[in-house]
Amino acid sequence: MSVDVSDLLPVIEPDLEPSLSLSGILSRREKYKNVITMAVLLFINLLNFMDRFIIAGVLEKIIKDFSISESQGGLLQTVFVCSYMALAPLFGYLGDRYSRKMLIIIGVSIWSMTTLAGSFVPSHLFAVFAILRGLVGIGEASYSCVAPTIIADMYKHDMRTRMLALFNIATPVGGGLGYIVGAYVAVAFHGEWRWALRITPALGFICVILLLVLVREPVRGSIDGAQVLKRDNWFSDVRKIFRVKSFILTTLGFTWVAFALGSLAWWAPRFLQLAYILHYKTESEQVKANVSLYFGIVTCGAGLLGVLLGSEIARWYRKRNPRGDPIVCGVAVLLAIPFLAASIIFSKDNIIVTWICIAVTETLLSSNWAIISDMLMYIIIPPRRATASSIQIFILHLFGDASSPYIIGLVSDFFRKGSKQNEIIWKSLRYALLLTPAVASFGGIVFLVAALFIVRDRREAEATIESKTKPLV
């Protein structure tokens, strides 16, 4: 990738506060504003993933209520993620050009309203329910593309790494809470799973108020001591983004990991519920709810540990090896493969070993989330970050967790052959889920290949900014 700065123009934006004028040095007031903004963005991201995985916590009830197959159950997540990824490029384009705060407000409002509407769909209208789940993805796309770029414009260097790690903690914690809330709200309302979908909309409307009242949007590039305006159109941006080899490779690695994580996140609760039924020979609703509770707790704990450990190890190793970020990602994924396979194989026969393997797998796989966000922010220049983030979201969902739940459902249906026996359903899901360690291994290898290019791409991004920007006065 050659240094191309023809599309950049340094400017001073009129609403920029003087405290940002000296090489990105922040006043105490600005730091407080950043903390408040960060807290609201973290809360929304937590709600984002909680909303996404509440359905996984009550998937068995949804399948029975709508009288649908395993593949149709997987299709619910596929429809959601497909709309999410399809709209990501649009919001990436808008996020690099217009108010990111307003985009987030619109997105949170859309996903809250559509989630609430889905809770009132009657059992004979599965198609309507699936369409509404797709509309939820539209709202979430507007948030996921632009929120990390706001964080990148508030913090830099090690502090940016830590803040992105904190932001990404919401992924496992929110997902785990989704399983727990979904299962236990349904139990509290005597098996009525629809009440689980009415929790996040109420919190979503609170988030809109917080955004309007408390959140400030930093000027793009301000933390680096300069603002950068773009002259290029979207197609030119995309062309230049795809010249960054480490961006392509880390995106591919993340995609194959997302295939495995998307499959497990969607199907693991149901798979483990079947394993418990076969192991303990009981089908009580409390046992099923407990499985969702345990899976949610493990997901929260392992994800939290993984994100924190991954970001701190990468930050430490990066000082000794500038290629450290993709190496940490690749090694973590490859170490997770045997534990992932063991958790699938031993799920019915040894419950304790299964939970231990799931915890280790989720810790290792979640360790790269914050690192990937951090890498994108330093190999892509500020005015292209939202676009690059949207492209990454599109690719990793199209070939990762958008397709994997449906593919796993199809493979399971193939082996199941219409049987309604729990043991056959469990075995069918086990055969299907064994695809995940094989696919994830490709992701680990590609991360290691990305280490060959990461240093050069980072230096070129820094050179691009420095050659055509100057400190504001």
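Me: In this predicted model, is Cys300 buried or exposed, and what is its relative accessible area?
Reply: The model is a predicted one, so the values given here are computed from its coordinates. A residue counts as buried when its relative accessible area is under 20%. Cys300 falls in the buried class, and its relative accessible area is 13%.

Me: What relative accessibility does Cys357 have, and how many disulfides does the structure hold?
Reply: Cys357 counts as buried, with a relative accessibility of 8%. A disulfide requires a pair of cysteine sulfur atoms within 2.5 Å. By that criterion, the number of disulfides in the structure is zero.

Me: Which residue of helix α10 meets Arg315 in a salt bridge?
Reply: Side chains of opposite charge can pair when their charged atoms come close. Arg315 and its partner both lie in helix α10, residues 285–320, where three residues, or about one turn of the helix, separate them. Arg315 counts as buried at 14% relative accessibility, whereas its partner is partly exposed at 33%. The N to O distance is 2.8 Å, and the partner is Glu312.

Me: Which residue of helix α13 forms a salt bridge with Arg318?
Reply: Arg318 is buried, with a relative accessible area of 15%, and its side chain meets that of Asp325 in a salt bridge of 3.2 Å, N to O. A further salt bridge of Arg318 has its closest N and O atoms 3.1 Å apart, and the partner there is Asp374. That partner lies in helix α13, residues 369–379, and Arg318 in helix α10, so the pair ties together parts that are 56 residues apart in sequence. The residue of helix α13, which counts as buried at 3% relative accessibility, is Asp374.

Me: How many salt bridges does a search of the whole structure find, and which residues are linked in a network of salt bridges?
Reply: A salt bridge here needs a side-chain nitrogen of Lys or Arg within 4 Å of a carboxyl oxygen of Asp or Glu. Searching the whole structure under that condition gives twelve salt bridges. The residues linked in a network are Arg100, Asp153 and Arg385.

Me: How many aromatic pairs does the structure hold, and what is the angle between the planes of Phe271 and Trp426?
Reply: The structure holds eleven aromatic pairs. One of them joins Phe271 and Trp426, whose rings are stacked with 6.0 Å from centre to centre and 10° between the planes. This pair links distant parts of the chain, since Phe271 lies in helix α9 (residues 245–280) and Trp426 in helix α16 (residues 422–433), 155 residues apart. Phe271 counts as buried at 3% relative accessibility and Trp426 is buried at 1%, while the angle asked for is 10°.

Me: What is the centre to centre distance of the aromatic pair formed by Trp316 and Tyr317?
Reply: Trp316 and Tyr317 form a stacked aromatic pair, with 25° between the planes. Trp316 is partly exposed, with a relative accessible area of 47%, and Tyr317 is also partly exposed, with 25%. The distance from centre to centre is 6.3 Å.

Me: Over which ring does the charged end of Arg198 sit, and over which ring does that of Lys417 sit?
Reply: For a charge to sit over a ring, CZ of Arg or NZ of Lys must be within 6 Å of the ring centre and within 35 degrees of the ring normal. The charged end of Arg198 is 4.3 Å from the centre of the ring of Phe120. The charged end of Lys417 is 4.6 Å from the centre of its ring, which belongs to Phe414.

Me: Which helices each supply at least two residues of the nonpolar patch?
Reply: The patch lies on the surface and consists of Val331, Leu334, Leu335, Ile445, Leu448, Val449 and Leu452, with about 570 Å² of accessible area together. Leu334, placed in helix α11, is partly exposed, with a relative accessible area of 34%. The helices that each supply at least two residues are α11 (324–345) and α17 (435–450).

Me: What distance separates the C-alpha atoms of Gly310 and Ala332?
Reply: Gly310 is placed in helix α10 and counts as buried at 3% relative accessibility. Gly310 and Ala332 are 22 residues apart along the chain, and their C-alpha atoms are separated by 8.5 Å.

Definitions and conventions: Residues are numbered from 1 along each chain as its sequence is written. This is a predicted model: local features need pLDDT of at least 70, side-chain atom pairs count only at pLDDT 80 or more; totals for chains, interfaces and linings use all residues. Side-chain values use heavy atoms; hydrogens and water are left out. Patches are made of residues with over 30% relative accessible area and no salt bridge: like charges are joined within 9 Å, nonpolar side chains (Val, Leu, Ile, Met, Phe, Trp, Tyr) within 5 Å. Accessible areas come from the Shrake-Rupley method with a 1.4 Å probe; for residues, only the protein chains shown count as cover. Helices (H or I, at least four residues) and strands (E, at least two) are DSSP runs, numbered from the N terminus. Buried means under 20% relative accessible area, exposed over 50%, partly exposed in between (1.4 Å probe, protein chains only). Rings of Phe, Tyr and Trp (its six-membered ring) pair if their centres lie within 6.5 Å; planes under 30 degrees apart count as stacked, over 60 as edge-to-face and the rest as tilted.
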